[in-house]
Amino acid sequence: MKIGKLILALLCMHQFVFAQTAKEQVRAVQNFDKNWSFIQEDASGAEQVAFNDSKWRKLDVPHDWSIEGNYDKANPTGRGGGYLPAGIGWYRKSFTLDQSWSKKKVSIQFDGVMGNSEVWINGHQLGKRPFGYISFNYNLTKYLNFGQGKTNVIAVKADNSVQPASRYYAGAGIYRHVRLVATDPTHIAHWGVYIRTPEVSAQKALVKVQTSVVNESAKASQVILETSVIDPSGKTVATSQSKQDIGAGKNIQLNQDLEVANPKLWSADEPVLYQTLTKIKLGNQLLDDQLNTFGIRTFKFEAASGFWLNGKNLKLKGVCLHHDAGALGSAVPLKAWERRFRLLKEVGVNAIRVGHNPMAPDFLELCDQMGFLVMNETFDTWTAIKNNGEKGYNLHFKDWWERDTRDLVLRDRNHPSIVVYSVGNEIRDNLDSPEGFKKYKDLQDLIHELSPGTPVTMALFRPSSSKVYTNGFAQTMDIVGQNYRETELVAFHEAHPETKALGTENGHTLATWLILRDKPYMAGQFLWTGFNYLGEADWPQIANNQGLFDHSGNWNPEGLQRQSWWSNKPVVHIVRKEENAGAGNWVSNWTPTDFDTYDVAKVEVYSNCDEVELFLNDISLGSKTKPKNDSPRAWEVSFEKGTIRAVGKNNGKEVASELHKTAGEPAQIVLEAEQNTISNNWDDVVYLKAKVVDADGVLCPNASKMITFSSSANAEIIAVDNGNIISHEKYKAKNRLSFNGLCQAIIAAKAGSGKIEVKASSAGLKEGSVTLNIK
């Protein structure tokens, strides 16, 4: 099944389900995102049923209220949280349940609430979860009212007022999906199906399925567990059936082995997905059923040769990603992640480190579908504080690490994309002590227990000062992971060749790339970062600027160069120093800010082609062959207005080229849509790019124009952005200054059909427009 269809399935279901089997399900799963009431303050008594919330704002979740606020240097989130607002927000929702649900067990599932959440149902407190990144659920059954006219009220308090709580932007509110689930009293436990494929060949694959069954009824019974494996076409290819007695109030685990003939393997290039359909029966009565997605693959890390997937040696060419998506904050529609993943694929990225906390489950489902290998990470801190996040998870680790780690692994362990867990990022706890050794071992042992065969690492910080390379700590790790200082990791491995090595966080330098390229034992590297992210920046900057792409999704020079190292396709990119004679930043255009003072252009071409020839106004400036060390090819060019063009050749044949033109005065706006269709679904959005161009359509990279967006009534402009890390403009708006000649609007549909008209205008410029179809 093609990626587009898989993504559409997620957009519609928040779960990958084959049409042939979805209709068989008896478990009721109800989307619970719509029609919440919200207020951004501490509303005393809001947990009580009779509380009057009629004047609160009406909205759907996922929702991040922090991203809607104003940038202010005085905001308590500070450098880490990107100077956006913090505080307390309350959400309430009234709902009714059919009388038929009274015989079921009803739970509510949150994919994430930021942060320090408290939840009540009909005035009864269900619990607290301080860790805003973790998914959690509560059993509602004994507090619910059923039947016509009988109302239930759920209330959620999200409190991130204790600051600074994070070294990077975290967001605020119910920022991930919510659902109600109703099951028979005898049912599959939450996250209760665990699937492994420990033995795989071209002829057959062993699929081991462990199922946890819960009997919450008042009497014992004998249940039948039936598990089927369904191939990508929807065909059942293996079935197993087991019988087991289960006492009242008991939980049992059943193990089944299924054999799949001639399996199609999951890989980064061909991410083929299977499913299991699990049924619980009492005689002929179907009590519960559940679909779970998995992939058939084998992987391993070897000390001498790095990472292997399905018997093939493979370098993990990875990036680190935070959970915000620029103007959207932390409430990120799935289409926004799909867009980012597509851009990373263009670079040649095949792996993602989630930094430094659990992502939403649909993020990982998309990794499964698009073929990204994942380092799944738990925490940025243990107990020791970090600057600009002194009041974060370090306050909760001691009491919550086990519960949060357990929930993460139980939720995520079926994802074929996950090949390694990290239990910490640059941990400042004393690792040269018995206590430090124990904390790591406890975390590693728990993951081994819950997901046997998946290795564990952590992102070591300054090993020479923490002494982990000399005190035996590193040898206790399944894989030795280190942030930066790559030569230290090389030296440690070469002194201890029995250890496995992985770059957990790495910079963009040529020397760093060559270590991955030339050291067979280096399993992979994860660049900091794939995209610029909000926070971890000093005012007036509001975003960290180390991404392959900016936070709007525009290419940074680092992305252009990385593509020349990592892509399998021919690549040619021209960059020049922004200021005369080699001063300033690298830019990708041929329009200086000051023509009078720009005489000598230092030009580099990033390319993986055997030969590159450079032309200025169609006159050759010579050809250069590919250096053995993959360094850029450099020219010093006497600047002339006009065109600069690079041509890449392999075996004497042109295979790639790039052309830059000098822009004239801004004349018009060109509005471009990245897709021309959209559905009326929270997870589906369209990115529109407004380009300020001259009369010939050449982008004006120095144009700073206020662009105003407008749309027809059947759509909403949910955010605007321009990728500028020092812009303090609001994202929830309809206008934005262009930056590097560009700005962006993100559109959501508000109707089920029709055409959406969007316009972009600016004083003195010809208007741009685009039409979208609602599908």
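User: Let's start with the helix pair: in which hand does α10 pass α11?

Analyst: Keep in mind that this is a predicted model. α10 covers residues 510–518 and α11 covers residues 557–566, and their axes sit 12 Å apart. As for the hand of the crossing, α10 passes α11 in one that is right-handed.

User: Are α10 and α11 roughly parallel or roughly antiparallel to each other?

Analyst: The two helices pack at an angle of about 25 degrees. Angles under 35 degrees count as roughly parallel. α10 and α11 therefore come out as roughly parallel.

User: Which residues of α11 meet α10?

Analyst: On the α10 side, the residues involved are Leu-510, Trp-513 and Leu-516. In general, residues three or four places apart on an α-helix point the same way, because there are 3.6 residues a turn. Across from the α10 residues, α11 brings in Arg-562, Trp-565 and Trp-566.

User: How many residues of α11 are buried?

Analyst: The buried set runs through Gly-559, Leu-560, Gln-561, Arg-562, Gln-563, Ser-564, Trp-565 and Trp-566. These residues pack against α10, and also against α4, β21, β28, β31 and β33. So α11 is mostly covered, and the count is 8 of its 10 residues.

User: And α5, how many of its residues are buried?

Analyst: α5 spans residues 361–370. Charged names turn up in its buried list too, including Asp-362, Glu-365 and Asp-368. The helix is largely enclosed by the rest of the structure, because the buried count is 10 of 10.

User: Which residue with a positive phi follows α5?

Analyst: Met-370 is among the buried residues of α5. What follows the helix has a phi near 85 degrees, and that residue is Gly-371.

User: Now the β13 and β14 hairpin: which residue there takes a positive phi?

Analyst: β13 (221–230) and β14 (236–246) pair in the antiparallel sense over 10 bridges. Within that pairing, Leu-225 stands opposite Ser-242. The hairpin has 5 residues between the strands, and the one with a positive phi, near 95 degrees, is Gly-234.

User: In the open sheet of 3 strands, which strands stand at the edges?

Analyst: The order is β18-β19-β20, with antiparallel pairing. An edge strand here has a single partner, so one side of it is left without a neighbour in the sheet, and that applies to β18 (299–302) and β20 (312–313).

User: What is the bridge partner of Trp-308 in β20?

Analyst: β19 takes in residues 306–309 and runs antiparallel to β20, joined by 2 bridges. For Trp-308, the partner in β20 is Asn-313.

User: Is Gln-290 buried or exposed?

Analyst: Gln-290 lies in strand β17, residues 285–294. Its side chain has a polar contact of 3.0 Å with that of Asn-292. The relative accessible area of Gln-290 is 13%. Buried means under 20%, so Gln-290 is buried.

User: What is the relative accessible area of Val-61?

Analyst: Val-61 sits in the loop between β3 (57–59) and α3 (78–81). Beyond its neighbours within four places in sequence, Val-61 is in contact with Phe-32, Asp-33, Trp-36, Tyr-91, Ile-174 and Val-178. Val-61 is buried, with a relative accessible area of 1%.

User: How far apart are the C-alpha atoms of Val-61 and Leu-395?

Analyst: Along the chain, Val-61 and Leu-395 are 334 residues apart. In space, their C-alpha atoms are separated by 28 Å.

How values were computed: Residues are numbered from 1 along each chain as its sequence is written. This is a predicted model: local features need pLDDT of at least 70, side-chain atom pairs count only at pLDDT 80 or more; totals for chains, interfaces and linings use all residues. Side-chain values use heavy atoms; hydrogens and water are left out. Two strands pair if DSSP finds at least two bridges between them. Helices (H or I, at least four residues) and strands (E, at least two) are DSSP runs, numbered from the N terminus. Buried means under 20% relative accessible area, exposed over 50%, partly exposed in between (1.4 Å probe, protein chains only). A polar contact is a pair of N or O atoms within 3.5 Å; within protein, one must be able to donate a hydrogen and the other to accept it, and residues adjacent in sequence count only if both atoms are side-chain atoms. Axes are lines fitted to C-alpha atoms, for helices over the stretch in contact, and angles run from 0 to 180 degrees between N-to-C directions. Angles under 35 degrees count as roughly parallel, over 145 as roughly antiparallel, 65 to 115 as roughly perpendicular and the rest as oblique. A crossing is left-handed if the near helix is turned anticlockwise from the far one by less than a right angle, and right-handed if clockwise. Contact means heavy atoms within 4.5 Å.
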